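Good morning, colleagues. Please turn to the sequence and the structure as they appear on the screen.

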Amino acid sequence: MDRIHVIGRRKAAVARLYMDKGEGNILINGRPYQEYFNQAHVRQNILAPFTVLELDNKLFDIKVNVKGGGFKGQAEAVRLAIARALTQVNEEYRSTLKSHKFLTRDARVVERKKYGKPKARKSFQFSKR
């Protein structure tokens, strides 16, 4: 297996992932993923493709560069990138990951603010008289 390079996106976050065979080190922006994402449910979200496939994440070394967005958008961008990389490792993983919606790019983004309104859709109080 050569080095695998994939990209995952979510909201404003972009994650570039490099996967090699290795001992299971997952580095995000040069730090271990436990340190970068210090909330347990976010860490489980990142490792979800491995748990669904019942794979040991100790088989691969993963290095991720992630920019933009908040911690949730970054975590979901990393999850998409890991799922895409695992499909390149073995094409048989694709159906399982697709059924759990890990290969679907979630395109929802924040709606832009319109002029004459305080937020995207909220209006000022209307007074008839």
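In which sense do β2 and β5 pair, and over how many bridges? β2 and β5 pair in the antiparallel sense, over eight bridges. Within this pairing, Arg16 stands opposite Asn65 in β5.

A word on the basis of these statements. This is a predicted model, in which local features need pLDDT of at least 70 and side-chain atom pairs count only at pLDDT 80 or more, while totals for chains, interfaces and linings use all residues. Residues are numbered from 1 along each chain as its sequence is written, and side-chain values use heavy atoms, leaving out hydrogens and water.

Strands (E, at least two residues) and helices (H or I, at least four) are DSSP runs numbered from the N terminus, and two strands pair if DSSP finds at least two bridges between them.

The five strands form an open sheet with mixed pairing, in the order β1-β2-β5-β3-β4. β1 (4–10) and β4 (31–32) stand at the edges with a single partner strand each, so one side of each has no neighbour in the sheet. Strands β3 (residues 26–28) and β5 (residues 60–67) run parallel and are joined by three bridges; here Leu27 stands opposite Lys63 in β5.

Let me turn to helix α3. Of its 19 residues, 14 are buried (under 20% relative accessible area, 1.4 Å probe, protein chains only), so α3 is largely enclosed by the rest of the structure.

Thank you.

Definitions and conventions
Buried < 20%, exposed > 50% of the residue type's maximum accessible area, 1.4 Å probe, protein only.
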